[in-house]
Amino acid sequence: MTEVKIAARGVQVYYGDTHAIKDVDVDIEDKTVTAFIGPSGCGKSTFLRCLNRMNDTIDVARVTGDIRIDGEDIYDKRVDPVQLRAKVGMVFQKPNPFPKSIYDNVAYGPKIHGMARNKGELDEIVERALRRGALWDEAKDRLNEPGTGLSGGQQQRLCIARAVATEPEVLLMDEPCSALDPIATAQVEELIDELRQDYSVVIVTHSMQQAARVSQKTAFFHLGNLVEYDETGKIFTNPEDSRTESYITGRIG
Amino acid sequence: MPTLWLFGLVLFLAAAGFLAARMRVMTAVSGDRRQLHSLPNYYGWNTAMKAATPALGLLVVWLIAQPMVIDSRVATLLPDQAVSADTTLGLVMSDVRRVAEGLDAAVAQGVMSAEQAGSIRAEFTDVRDRLAEAGVALGSNVSSEVLNAAQRYRTLAATGMLWMTIAVLGVACLGLAWSLRETRPEFRARNVVEQGVRAILLFAALVAILTTIGIVLSLIFNTIEFFRLYPASEFFGSLTWSPSFGGGSELGIWPLLWGTLYISLIALLVAVPIGLFAAIYLSEYAGPKVRAFAKPMLEVLAGIPTIVYGLFALLTVGPLLLEVFGRDGLGWMQAGTAVMTAGLVMGVMLIPFVSSLSDDIINSVPQAMRDGSYGLGATQSETIRQVVLPAALPGIVGAILLAASRAIGETMIVVLGAGAAAKLSLNPFEAMTTVTAKIVSQLTGDADFASPEALVAFALGMTLFVITLGLNVFALWIVRRYREQYE
């Protein structure tokens with residue numbers, strides 16, 4: 001049994017009057033890929049965004065309950081959400097490289113957090129991050145070209161490298177492959193599997209095959225409730241809840 | 001027949017054609033519109049278009065061409081001695097036209113009968129007095145040559161008008177008949193109307209472009225005329241601007257250009273930071289309620305006439321600056337009118353240009369960019385400085401250069417706020433003037449229009465045009481260059 005990285009208890013999220021997440025309890029383990037699956041609008045992305053307080057940037061969103069990372073309440077007043085987000089990296093649905101060079105994209109996080117003492121160290125960080133993002137070989141000769149000039153799959157790996165560069169402990173991925181073709185998807189999935197060695201990875205996905213391929217634990221969300229959370233193999237072969245079974249066999253969705 | 005009537009008649013024919021075509025095609029399918037290729041109205045529009053467009057086009061061309069043809073034919077009638085030394089052919093021709101129009105006006109008012117007007121002779125009647133009765137004032141007595149020419153002018157114009165009416169109505173009827181003949185249920189009226197819409201839009205675009213070209217041409221001829229009278233090397237080389245209407249003036253552009261650039265620079269130094277920061281606040285920080293209130297309020301600034309800004313400069317800002325920097329204060333300022341006064345007020349005027357455009361551009365930066373930056377643990381201002389602004393940069397540069405063009409072309413604030421002295425000085429508290437302000441004063445002065453002192457206005461205007469054109473081309477270049485990098 002690996003140790004628990006994120007512990008959520010009684011989490012409720014409201015968007016204005018809409019009750020988007022209803023009383024979710026979940027323990028996310030370290031050095032594990034956890035997949036959130038469920039039909040559209042079930043709240044899996046919303047819950048993911050609670051984990052790094054990205055919901056703070058939306059005015060109408062309100063989060064209650066208790067979320068602890070390494071035992072520390074991230075919604076505590078003393079926690080700086082900006083620091084938290086450096087610790088809990090995020091990769092988004094659509095690749096969103098900044099309008100900067102590949103190098104500056106990756107160096108962005110380390111620069112604003114003052115992680116490098118000099119240019120040499122920054123170069124090392126960038127190289128390490130790009131290697132982790134499996135982009136170094138393709139990008140090393142064009143570090144000064146704009147990140148937006150890369151292909152979609154390369155852009156998404158750049159975004160992963162960018163998130164990795166700040167050395168987070170948790171990596172949140174919100175449908176990271178939905179805008180990619182099958183080959184790029186396979187590359188990113190391979191990358192996710194490698195990242196598991198150092199990080200706790202949480203991935204939201206619409207593809208049940210993807211969840212089965214990359215994750216060890218799977219959580220099924222439905223209408224804002226966490227219906228079932230277990231080993232991935234068990235969820236896909238022998239789910240306990242009838243709703244989970246209906247979803248994975250394609251009867252609700 | 002007056003042109004307006006003719007115009008109305010053509011439109012009437014077109015409207016009648018519309019109804020006729022619609023009715024014709026509906027009867028052809030006995031009221032069942034499903035058998036038509038297009039909706040019934042398209043057949044109507046097709047006919048209306050074909051009746052009106054060629055006819056109105058001919059009308060316009062005729063109205064432009066007729067005076068030119070008549071002028072050239074009447075001018076041959078005038079003997080050489082009628083154009084004496086102190087006048088030009090153009091002036092005599094304008095006399096001819098005035099007499100001709102006067103006679104027409106007299107007939108129209110019933111002061112003269114048509115026969116009287118046709119047989120009037122300069123030797124027996126004082127034409128000037130008779131026309132004065134009809135309310136047409138002439139500058140000098142009418143010579144018999146001019147009167148002859150005027151009579152010839154009248155007959156030619158009358159025949160021209162008659163033929164024009166016949167031709168325009170003929171073309172309209174031809175178009176009407178032809179398009180009615182092709183109005184059958186299977187006729188693709190919808191596609192033809194589409195072509196027509198396209199042509200109308202193209203025409204509108206062409207008018208805009210041709211007008212610009214026309215403006216440039218009208219400047220060019222007078223500018224060339226100026227440089228024939230005054231050496232270009234002096235104009236672009238001299239550092240003194242001292243026009244004297246008696247002649248012997250020095251017309252160096254540099255003091256004016258310097259004033260223009262200096263005032264514009266101060267204006268931009270005020271407008272760009274304030275406008276940009278206001279835009280950032282409005283688009284990134286302000287809540288929807290503040291934004292809904294503050295944005296229109298800022299845009300009100302853009303609606304204030306510049307003369308009002310000028311008064312503000314003259315009555316409020318100038319005296320205020322004088323109190324601080326004037327003789328009782330720091331002693332740098334002699335009078336309320338100064339580069340600083342005009343620059344500050346002009347800066348206020350430009351704030352909405354910068355803020356409104358920048359605000360739109362910042363808003364169009366995708367939210368995904370901001371999310372990406374927040375997701376990496378950046379604060380709001382870091383995100384704006386390092387991600388949003390670079391992404392919005394081309395548009396912001398465009399907004400700034402647009403504001404710069406406005407600043408360079410601004411006149412009223414300068415006239416009231418900066419004074420009228422053409423000086424080359426670095427002290428922003430001294431009175432200076434700009435190219436535009438001098439264009440006004442040179443053209444509204446008492447100078448003979450053919451003198452270099454008046455014509456210099458066109459050379460100044462041309463220079464200004466070239467500068468703002470260069471600025472706009474530069475702005476386009478910047479926008480294009482960075483767009484490649486950022487999309």
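**Cysteines, a surface patch and domains in a predicted model**

The domain assignment of chain B, whose bounds come from an automatic or database assignment, gives domain 1 (2-187), domain 2 (188-229) and domain 3 (241-486). This is a predicted model, in which local features need pLDDT of at least 70 and side-chain atom pairs count only at pLDDT 80 or more, while totals for chains, interfaces and linings use all residues. Residues are numbered from 1 along each chain as its sequence is written, chains are lettered from A, and side-chain values use heavy atoms, with hydrogens and water left out.

Biologist: How do you know that C50(A) is in no disulfide?

Modeller: A disulfide is a pair of cysteine sulfur atoms within 2.5 Å, whereas the nearest cysteine sulfur to that of C50(A) belongs to C42(A) and is 13 Å away, so C50(A) does not meet the definition.

Biologist: What keeps C159(A) out of a disulfide?

Modeller: For C159(A), the nearest cysteine sulfur is that of C177(A), 12 Å away, and over all chains the structure holds zero disulfides.

Biologist: Why is C50(A) called buried?

Modeller: Buried means under 20% relative accessible area, exposed over 50%, and partly exposed in between, with a 1.4 Å probe and protein chains only; C50(A) has 0% and therefore counts as buried, and C159(A), at 3%, is buried too.

Biologist: Why does L217(B) count as partly exposed?

Modeller: L217(B), placed in helix α7 (residues 189-229) of chain B, where a helix is a DSSP run of H or I with at least four residues, has 41% relative accessibility and therefore counts as partly exposed.

Notes
Helices (H or I, at least four residues) and strands (E, at least two) are DSSP runs, numbered from the N terminus.
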